[in-house]
Amino acid sequence: MYIKQLKIENLRSLESVTLALNAPGTPQLSLPNVNVMLGGNGLGKTSVLRAAALAALRPLMSSSSGFVPNR
């Protein structure tokens, strides 16, 4: 599975962010599927990774999993 775009709303310090990510098959890339996030502490790098993990795991989560998305 490849994530081509990630839209995050109201997750920790991120109010509203849309990221376009490189994926294999994207034309004119010298390094396909390489994405780098740089930034100081507290700017949301880990929150972006958390959002990607939650999006990938969403189909496996049931309402009884104990996950509360608003925390």
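Ser47 is buried in this predicted model, with a relative accessibility of 6%. The 6% value falls under the 20% limit, so Ser47 is classed as buried. Ser47 is part of helix α1. Beyond residues up to four places away in sequence, Ser47 touches Leu11, Arg12 and Leu14.

Two of these partners, Leu11 and Leu14, belong to the largest nonpolar core. The core has seven residues in all: Leu6, Ile8, Leu11, Leu14, Val48, Ala51 and Ala52. At least two of the core residues come from β1 (5-11), and at least two from α1 (45-57). In soluble globular proteins, nonpolar side chains tend to be buried together. Ile8 is one of the core members. With neighbours within four places in sequence set aside, Ile8 is in contact with Leu14, Glu15, Ser16, Val17, Val48 and Ala51. Among these contacts, Leu14, Val48 and Ala51 are also core residues.

The protein chain holds one helix and two strands. The order from the N terminus is β-β-α. Of its 71 residues, 14% count as buried. Contacts between residues at least 6 apart in sequence were also examined; 34% of them join residues at least 24 apart.

The third partner of Ser47, Arg12, lies in the loop between β1 and β2. Arg12 is exposed, at 65% relative accessibility. That value is over 50%, and Arg12 is therefore classed as exposed although Ser47, which it touches, is buried. The phi angle of Arg12 is positive, about 50 degrees, although the residue is not a glycine. Asn10 also has a positive phi, near 55 degrees, and is likewise a residue other than glycine. Asn10 is placed in strand β1. Its relative accessible area is 64%, so Asn10 counts as exposed.

The accessible surface of the protein chain comes to about 5,900 Å². Carbon and sulfur atoms account for 53% of that surface. One nonpolar surface patch covers about 450 Å² and is made by Leu31, Val34, Val36 and Leu38. Val36 sits in the loop between β2 (14-20) and α1. The relative accessibility of Val36 is 64%, so this patch residue counts as exposed.

Note on methods:
Residues are numbered from 1 along each chain as its sequence is written. This is a predicted model: local features need pLDDT of at least 70, side-chain atom pairs count only at pLDDT 80 or more; totals for chains, interfaces and linings use all residues. Side-chain values use heavy atoms; hydrogens and water are left out. A nonpolar core is a set of buried Ala, Val, Leu, Ile, Met, Phe, Trp, Tyr and Cys residues joined through side-chain atoms within 4.5 Å. Buried means under 20% relative accessible area, exposed over 50%, partly exposed in between (1.4 Å probe, protein chains only). Helices (H or I, at least four residues) and strands (E, at least two) are DSSP runs, numbered from the N terminus. Contact means heavy atoms within 4.5 Å. Accessible areas come from the Shrake-Rupley method with a 1.4 Å probe; for residues, only the protein chains shown count as cover. Patches are made of residues with over 30% relative accessible area and no salt bridge: like charges are joined within 9 Å, nonpolar side chains (Val, Leu, Ile, Met, Phe, Trp, Tyr) within 5 Å. A salt bridge is a side-chain nitrogen of Lys or Arg within 4 Å of a carboxyl oxygen of Asp or Glu.
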